[in-house]
Amino acid sequence: PSMPLFFWGDNQEKSRYKASYFDETTNNNIWKHGDWIEFRSCTGGCVIYGRSDSTMNRHGIRIGTSEIYRVVESIKEVVDCIVVDLNFATTTTTTTRLLLS
């Protein structure tokens, strides 16, 4: 399949999975994949900002990577960037790194 089937540790009704990927206000059977995209009429092209569901949870605060990219990439000196949230399996330590080019 081209989409997740379930979340590890979710309940039998898949409540977290359904809340994350299906819009209850329109039709529960339509999967929303979460890409942010902007179509530019002036060029006929588009910009893909990233996954809206690429969400980091930093001490209870949810941050979408596209929110970070949108700000950082507006700086003219930045050619490319990537943000990485690291969770270490051997400790409870986490860290977020922003790599710039």
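In this predicted model, the charged end of Lys14 sits over the ring of Tyr17, at 5.8 Å from the ring centre. Lys14 belongs to the segment that precedes helix α1, residues 15-21. The backbone of Lys14 has a phi near 60 degrees, which is a positive value in a residue that is not glycine. With a relative accessible area of 34%, Lys14 counts as partly exposed, because this value lies between the limits of 20% and 50%.

**The aromatic pair**

Tyr17 also takes part in an aromatic pair, and the count for the protein comes to one such pair. A pair of this kind is described by the distance of the ring centres and the angle of the planes. The partner of Tyr17 is Phe7; the centres of the two rings are 5.8 Å apart and their planes stand at 90 degrees, so the arrangement is edge-to-face. The pair links distant parts of the chain, since Phe7 lies in the segment before α1 and Tyr17 in helix α1, 10 residues apart. Phe7 and Tyr17 are both buried.

**Overall organisation**

The protein contains two helices and six strands. Read from the N terminus, its elements follow the order α-β-β-β-β-α-β-β. Of the 101 residues, 18% are buried. The accessible surface comes to about 8,100 Å², and carbon and sulfur atoms account for 56% of it. Among the contacts with a separation of 6 or more, 14% join residues 24 or more positions apart.

**The nonpolar core**

In soluble globular proteins, nonpolar side chains tend to be buried together. Here the largest nonpolar core has six residues: Met56, Tyr69, Val72, Val78, Cys81 and Val83. Helix α2 (65-72) and strand β5 (81-87) are the elements that give two or more residues to this core.

Which residues touch Val78, apart from its neighbours within four places in sequence? They are Val72, Leu100 and Ser101. Val72 is itself a member of the core.

Cys81, another core member, lies in strand β5. Is Cys81 buried or exposed? Cys81 is buried, because its relative accessible area of 11% is under the limit of 20%. Beyond its neighbours within four places in sequence, Cys81 is in contact with Tyr69, Val72, Glu73, Leu98, Leu99 and Leu100. Tyr69 and Val72 in this list also belong to the core.

**Strands β5 and β6**

Strand β5 runs antiparallel to strand β6, residues 94-100, and seven bridges join the two. A hairpin of six residues makes the connection between β5 and β6. Within this pairing, Cys81 stands opposite Leu100, and Val84 has Arg97 as its bridge partner in β6. Leu100 thus appears both opposite Cys81 and among the contacts of Val78.

**The loop before β5**

Glu73 is placed in the loop between α2 and β5. Its relative accessible area is 43%, so Glu73 is partly exposed, as the value falls between 20% and 50%. Setting aside neighbours within four places in sequence, Glu73 is in contact with Asp80 and Cys81. Cys81 therefore has a contact with this loop residue, with heavy atoms of the two within 4.5 Å.

The table lists two C-alpha separations that involve residues discussed above.

| Residues | Separation along the chain | C-alpha distance |
|---|---|---|
| Glu73 and Leu100 | 27 residues | 9.6 Å |
| Cys81 and Tyr69 | 12 residues | 7.3 Å |

Cys81 draws several of these descriptions together. It is part of the core, lies in strand β5, stands opposite Leu100 in β6, and is in contact with Glu73 in the loop between α2 and β5.

Technical notes:
Residues numbered from 1 in each chain as written. Predicted model: local features only at pLDDT ≥ 70, side-chain atom pairs only at ≥ 80, totals over all residues. Heavy atoms only, no water. Helix = DSSP H or I, 4+ residues; strand = E, 2+ residues; numbered from the N terminus. Buried < 20%, exposed > 50% of the residue type's maximum accessible area, 1.4 Å probe, protein only. Areas by Shrake-Rupley, 256 points an atom, 1.4 Å probe, with all protein chains shown as cover. Core = buried A, V, L, I, M, F, W, Y, C linked by side-chain atoms within 4.5 Å. Phe/Tyr/Trp six-rings, centres within 6.5 Å; stacked < 30°, edge-to-face > 60°. Lys NZ or Arg CZ within 6 Å of the ring centre and 35° of its normal. Pairing = 2+ DSSP bridges.
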